[in-house]
Every structure is written in C-alpha cells, then in structure tokens.
Amino acid sequence: MSDGKVTLTINGHDVEAEENRLLIDVAEELGVYVPRFCYHPGMKSVAVCRMCLVKVEGSRKLLPACATPVTDGMVVDTVDEEAVDAQEGMLEFLLINHPLDCPICDRAGECPLQDQTYKHGPGSSRYIEPKRTYEKALEISDLVVLDRERCVLCWRCVRFSEEIAGDAFIQLIDRGAGTQVLTFKDDPFDSYFSGNTIQICPVGALLSKPYRFVSRPWDLTSAPSVCSYCAVGCPLTNEARAEKVVRCQALPNENVNDFWVCDKGRFGYHYVSSEERLASPLVRTDADEFEATSWGRALDVVTGRLRTARRIGIIAGAHLTTEDAYAVSKLAKKTLRTSDVDSRLQDAGAPYERAAALSGVAGSTATLNDLESARTIVWVGPDPKEVLPVLYLRLRKSVLEEGAKLIVVSPRRISLDAIATHVIRCDVGGEAEAVDGLTWGFDTAVAGDVGDPLVVCWGPSSPGRDEGPIVDAVVALARNKNAKLLVCPPHAGSQGMIDMGVHPSLDPGYTPSDSRGKDTRGILQAAAAGELDILLLIGADPVADFPDGGLVARAFGSGVFTVAVELFPTESVAHADVVFPSAAYAEREGTFTNLERRIQKLEPLTAPPGSASEPWRICSRIAHGLGDDWGWAGFNDVWTEIRATVPTHAHVDLTWAGQESRPLSLHYESPFQPDPTHGRSVSAGPGAGYPKGHRSGAPFHTGQNWPLSWELRGFEARQRPGIIPSRPPEPPAGDDPVSPAPAPGAPAGDDAALRLIPRTDTPAGGDASLRSGTPLSSAFASEASPSSAKGWSRTGGEDGDSPEVKAGKSGVPERSGESSPAATWHSVEDEFPSFSEGRRSFVLYTGRLLYDEGAMVSKTVALKSLARRPFVELNEEDAKELGLSEGDEALVGGNGVRATLEVRLGDIARGAVFIPYDQPGWRANSIIRGVNPVVEVRHP
C-alpha cells in the first residue's frame, strides 16, 4: 500500500484502486458487473437488497460489495459458487410477490429486475403461494404513478427524497410483510425532483405518468442533449418515437448534475412536438394579417428594409445556443454595424460585464465541483430551487455531505435558509451592504466563517432591480478573500450570449467593444420614441419577459418594423412584420454554455416542423442577402470560425465535447455468449439482441442494450464532460472598471483597490439591517422604517396599457390598439391616489417560480397544470398594519394597473413584497415601471 492506493485481486485479476473505495465500483470499472438493486453511486450505501453478495477470502460469510471498502491484499470472487447461489436465491425471493406483469409494465425491456433475473436468477421458482396485492397504479402526483405490487423495497426512492432532494414526501410505511412505499396520508409527491425516482427505480414500481403506455424501449431512438431551460445545463437523453419526443432522462455527468435533473427538465419536452410550433415564414400583408410565404420572399422583405435602415436594434433570447449567439453578434456588429444588441430580458440590466474585474471573465471563475471543495459558500441571489434547481442540489450536497458553511444574503426567505449556517436577512436594497459587511468583517460571528477556499455565488435576484451595487460588492468580496466567483444567469444560453458578444459593450471573448451600444431597455426606449428603424427579435419575447410591460407596449405601439425568429406565435410575434420559424434544441446540432462556462454538445433527434431552421442559419441567410457571405454550410463551419476569431475559444475541441463512448463489457452484446464474469450462457434480456445501442456501434442510444443499468450511464457520461474555455489575460490595474475606491477606516492592505467606501445610496430603508441568528455590529444593524420607500424612483416614461392580442391567420395573434386588462387587472390611475390610510408603498421583489407561463413550459402538457396562481408575499407586521391575514386578498397596484392577489405571509424584509413573475392569468411585469419598481398595497 502506498500513496493511498491498495492492490487487490478480483476474479483472478490484480487491480490497483484508491483506498476505501467501494468494491462494487472497483469491480465495475474492471468490467466485472456485480448485480445490485439498492445500491446507487449517487447515494449512501445501505446494503438492504443483498443482491451484490460476493466471496471475499478470509471472511466467514459473503459480503455485500456495495458496502465493503477495498483493502490491500483483498481477494474477491464474484462468481464463486456460493455467491452465485446467493444471487439466485435472492432473485427467487424477490419474485415471490412480484406480479410478473412484464407484458403490461412500462419498464419491460429496460428493467434491471427483468434483466438480472435472466442473467443471475434461477430458471424456476419453488414458491406457489398467492402473491401480495395492492390497489394498482396510484397517481401519487401529476407526474408519478406508483404500483406497489412491483416494489422490491430497495429504498432508492426514499433515500433519494431524504438524502438528495430533502423532500421527504415518500417513505416506507408499515412493517414486516406489509412494508410498502407510499406517500404520507395520501399527500401528493410534491417534489421538484420526483422524476429522478422513476429513473433510479430498478423495477416498474414508479412510472412516468406522461410516458406511461406510450412506447417500448426498442421502438425509441435517442440522442444526447442538454436541458434548454436553466443555466445549470443538465445533460439529457432525448428519446423519440415516430419523430416525436416522448421521453427525456438524465444523462449523469459528475461535473455538472451528478445523476439528477429537475422535473421541469425531465418532463418539459412536450413543447418540441407542439402543434403550435411555427413551421414556415410569415409576412404581414397590407390587410394587417399574416400569410405563410417562402423563405426567399421573407428574406427579401427583411434585407430590403435593412439596406435602408440606419437605426437597428437586436434583442436575442437566452435560450439560444452558443452558435446562435455568435451569429447574432456577427450579424449585429460586423454586417449591420450596430452595437445596439443585447440578450438580457428577464435579467435586464444585470451587469455581468463587471465580473471581468475579477479575472477578465464576464462570468464564473468557479465550477460546480468547486462548491464541494469549498470551506465557505456565500449566496447572494434568487431562490436556486426555483430558478436553478440542480444547483440547489449541488449546494445542498456541499453543505450536508462535504461540510461547507453556507452564508445566505437575501431580503426574503429562500430554500437555502433551511441548510444555511448563517442567514443575513437584509432590508430592501441592502444586499450590497450585507456583502460589504462580510468583506470587512463588521460582524465577527458571520465573517469568521468566511474561510478559504471560498466560493461567492451571485445571480440576478429580481427582474427590474439594479444589480450593479450588488455585483460590485460581490466582486470586491471575491477579490479581497482570494475567492472564486460563480455567476448564475437564468437561462440555458445566457452565458453563451455573453461569451459571444451579444452585449452592448462586449465583443466575443469579453473584449470591450469599440463603441458602447444600447442595452435591451435602451433599444425599447428608442423604439418607443420613434428612434428605431428596425427591431430584430431572435428567440426573444419582451412582452412576457422584459420587466417593464408599459415600455414594451409603447415600443411596439410606435409601429417599428419588427422581425421575429421564434418557436411559437408569442405575443411579441403578434407585433412582428416578418416571422421566421426556429428549430428547437432537440432538432439540431449545437452547444449550450452553462453557468460555469462549460460547453456541452446537443445532438439532433427529430426533424424540425416544416421549414423551421436554426437561428444561426437564419442570421447567415440575412447576411448573405445583404452581400456578406459568411460561407457557413453547417455546424462545423460555425465552430471553425469561432475558434479562429474568439480568443477564449481558440483551443475548444468539440470532438471532446461529443466524444463517443468506449464500448463497455463487449461480452454483453451477444444474446447467447459466454460471460467471463458468470459461469453459464446468458440471455441479454427478453428478445435478446436489440437492434440499437451504443455497444452495437450507435453511440449513446442508452436504454436499449443490456445491462440497462443506471450506474453504467454514469460511465458513459464521463466521455462527454464538456469543456470550459480558457480565461483571457487579466486586465491591467488601470483598466479595472469595478475596483472600488479606498474606504476611510477600512482594514489596511497592500491593494487599495480592495477597500470600499461605505455606501450612502441605500434605497429604501436607509442603512442595511442584517438580521440573522447572531448579533451584528451597530455599524450595520439598524431598524428601517417599515413604510419607507424613499430613494426608489418610478422612472421609465409615460404609462401605457398592453395591447390586446387575438388570434389571426396562421395561428399568430394579431395586433390591436384596444386595451385589454389581464385577469383581475384594472386601471388605477385615478383610484390609487384616492387610497386611504390603508394604502402603503412597497419595494417590489419578483422572480420566476419553477412552473410558470413561460413560452416553453406553457406548451408542455405535463407541467402546465402545476403552475401556481399568483400571490403577494408580505411581512407579517406589514400585513397586520394593512389589516391583512394569510389567505386574504390584497389590492396591488403599479404602472397604472392593479390586481387582486392572494396574501401569503413570509419571512421578508419590512417594506418589501414578493410577487411571482409570470404565473397563470397575468404577468408581474405589467406593474413594473422603470428600474427598482415600487408598488402600492391595500386592503380591498
């Protein structure tokens, strides 16, 4: 034994392995598959199924391989006669009560119990007694169906819910022969991660309700991809039948998502095959209606207008790929010669560029793996469980398993509070001051836990708020503590947009632009003022996403010529003059860049509807029509140019990002071939040789070959780890745009750029109040006036109502100048000024929930019903002053409109309210006006 290594023998082969690794993992990496049901590499071992018993020399009894660490000199035999007999006996025992209903079970053909019974089980059973029966197919949630008769009590689902998700909604109940898996008191399995239990279930006990009875695995084609929703970038396998995506499953990647994916990523695929998808270009006629047309005519209309236009603005959506981002940037800054281009909608104004002061990167310097090695993590941002769910799991793992200390800075309670070491409940607008307090140690109890290594996490927390002071403070903390920074933008393509220069002041590779252009707000303001000739919307829906609904209405109401590239006939498309249909993520080759700047590959699975095309190809066609031939014929051409022109991506090798998996355990390919790990001929599952599967030459067709083990998918994923591009050189000290000035009385140090001037511009409530479980320095703790909202301006131009939209030809809404309030919203320009003393002004915090009315989620049948109705969250003391209680209705108004919303009482700073951003029936951006919005609340 040396250097933490041990040498052991498995089935006659000498193996060197790290000390204390589990025997089952070491054997599998050697190519020796030890059967198992309860063991899962992403969870703690419990050794309850006894399926992995093996012979270890010197032991008086068989040992479970999943709970036995390897030791030096260990001699293991997995095919010893005693071990094989134990495996057969265990399978015979498990099948006593199993219903053997494979012909009607969705798991048939990819069931570990089925496959291991063929390989390791006896040929017949001695048990003839009646089987245990339960009520069949309980729908324990809108997404999960439970068949208790099939359960083998492996505990995987229970352990996942408790250990990984922290949502103990499912549990083992009763005792002895009556033990079963069930939810408590018939409560629903209400977890954002419930779908993972379906995938890790080794039998058909937990099934996907949307996928149930849809297909058999041998009828599916599949391809690896990346989730198109949030910025974590979880790897997926898309699976289709008859050119329709019918299932998504997690493709494990130890660098990104471990083994998990949230339910939005798992079940949110229906939009790809939606009948509402745009399939051909549309042009608005003289009768103000859309008509389908050819690509040639649509491009001619657009290029004709662009040739004469002088003032052009481009807004791109953040669900586009890296290649789309590069094409948008090139079209704007090279072909059209405009810097008025941006991709920040929901996160409008979020100053990602200021992160470059830390290392030259307008994004993260930390990886997700750095969270697990960190001593301290500081979180300043939105609730990750709602907007970045798998990042929440990684944070939870870091705290509960790796022992990291978590400091949460937030004006309202979020999911991380439950596991945080310290919670700093700042007053409204006080996040920056709270972070400054950590930087300079004003509160010794909290700052004393800011240890090395430190990872500081920031993400835009509330649409419409100015995040500049917060980012400055976060960057200063990271520099002062020599920490790493994890920037957490909201969407799958957000970071790729920044990398590729879809930004008014950054070119590709974080190079400062020669001239600073307008951001999204500036572009819309120019359109509203009649100062814009053409507006290009590429995968962007400002009507739904931009946090100032009135400004968007005025921008479109100005009559600016608008071109849209979109998947669906959104309300923004309703205002367009030319519409190009876009391909979805499952229909194209491409890459996404996640929040840690990791590039991961998408592979196409189905064909796009009609003549829909990739946005990068549409940009190339527009440029060609303007006489600028980019010479792009395919995906590889785009990347050849990216590598040649983007300095940070010069060494990115996509053959690594899309590397094919090495064949594992080739002896499994033949249905009747001797297996060196077992002493008999075996059948590779029912029906034997499946026609597809990466071990037969078609890479990554997971789920169609034996062994169909979840565990082996983890090994496949290691062949596609993704690539993090290199960092540019650090900026010279004189060019540092974010370095704060020295602070009088700040701690001494060699670098004056790391000292801060105490902030005097705190909006609403004066100085920050840092309320946590530990006493705070009087320099930072103050009691803010609960009703104060001074300092928060209501800017953004004149009031304006959103136009009504109604269906026109081609399924696209038509424009209308008539005002139509949404849901319970009404004009309050005259009513709110007449409010009595029961009215109060509040700083508005808002943000997305996991399930909302987003364009993609709303087209997903499985998730649409899960979106919650809108509500307003108030501090209990504020609610008491207004005469409101939990469950009451409150009248909320702003930007010339009002809504009647359900009241929820929460741990939120006084003087603030929280309203979800885009829930069924209305949009919160209707009441947002300008930057740092304020709303008024009263009893109805």
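**Helices, sheets and cores in a predicted model**

Eight of the ten residues of helix 4 (residues 156-165) are buried, so this helix is largely enclosed by the rest of the structure. The model is a predicted one, and helix 4 makes a convenient way into it. Its buried residues are Arg156, Cys157, Val158, Arg159, Phe160, Ser161, Ile164 and Ala165. After the helix comes Gly166, with a positive phi near 70°.

Helix 1 (residues 23-30) can be described in a similar way. This helix is mostly covered, with six of its eight residues buried; these are Leu23, Ile24, Asp25, Val26, Ala27 and Glu28. Gly31 follows helix 1 and has a positive phi, near 100°.

For the chain as a whole, 25 helices and 40 strands are found. Of its 940 residues, 63% count as buried. The exposed surface of the chain is about 34400 Å², and carbon and sulfur atoms supply 48% of it. Sequence separation adds to the overview: among contacts between residues at least 6 apart in sequence, 72% join residues at least 24 apart.

What lies inside is best approached through the nonpolar cores. In soluble globular proteins, nonpolar side chains tend to be buried together. Here the largest nonpolar core has 101 residues, of which Val232, Leu391 and Leu486 touch the most other members. Helix 12 (residues 389-400) gives the most to this core, contributing six residues. A second, separate core holds 47 residues, including Trp295, Ile314, Ala325 and Leu654. The surroundings of Leu486 show one part of the largest core in finer detail. Beyond its neighbours within four places in sequence, Leu486 is in contact with Ser364, Ala366, Leu368, Leu371, Leu391, Val455, Val456, Cys457, Trp458, Leu595 and Glu596. Leu391, itself one of the three core members named above, is thus among the contacts of Leu486.

Helix packing offers another view. Two packed helices are described by the angle between their axes and the distance between the axes. For helix 13 (residues 431-440) and helix 15 (residues 468-480), the axes come within 8 Å and cross at roughly 10°. With angles under 35 degrees counting as roughly parallel, helix 13 and helix 15 are therefore roughly parallel to each other. On the helix 13 side, the contact is made by Glu431, Ala432, Val435, Asp436, Leu438, Thr439 and Trp440. Helix 15 takes part through Pro469, Ile470, Ala473, Val474, Ala476, Leu477 and Asn480.

Turning to the strands, strand 3 (residues 53-56) pairs with strand 4 (residues 63-64) in the antiparallel sense over two bridges, and Val54 stands opposite Leu63. These two strands form a hairpin with six residues between them, and Gly58 in the turn has a positive phi of about 95°. Strand 3 is also joined by two bridges to strand 5 (residues 75-77), again running antiparallel. In that pairing, Val56 has Val76 as its bridge partner.

A further group of three strands forms an open sheet in the order 6-7-10, with antiparallel pairing. Strand 6 (138-139) and strand 10 (206-208) stand at the edges with a single partner strand each, so one side of each is left without a neighbour in the sheet. Strand 6 pairs with strand 7 (residues 144-146) over two bridges, in the antiparallel sense, and Leu138 stands opposite Leu146 of strand 7.

Terms used: Residues numbered from 1 in each chain as written. Predicted model: local features only at pLDDT ≥ 70, side-chain atom pairs only at ≥ 80, totals over all residues. Heavy atoms only, no water. Helix = DSSP H or I, 4+ residues; strand = E, 2+ residues; numbered from the N terminus. Buried < 20%, exposed > 50% of the residue type's maximum accessible area, 1.4 Å probe, protein only. Contact = heavy atoms within 4.5 Å. Areas by Shrake-Rupley, 256 points an atom, 1.4 Å probe, with all protein chains shown as cover. Pairing = 2+ DSSP bridges. Core = buried A, V, L, I, M, F, W, Y, C linked by side-chain atoms within 4.5 Å. Axes fitted to C-alpha atoms, helices over the stretch in contact; angles between N-to-C directions. Parallel < 35°, antiparallel > 145°, perpendicular 65-115°, else oblique.
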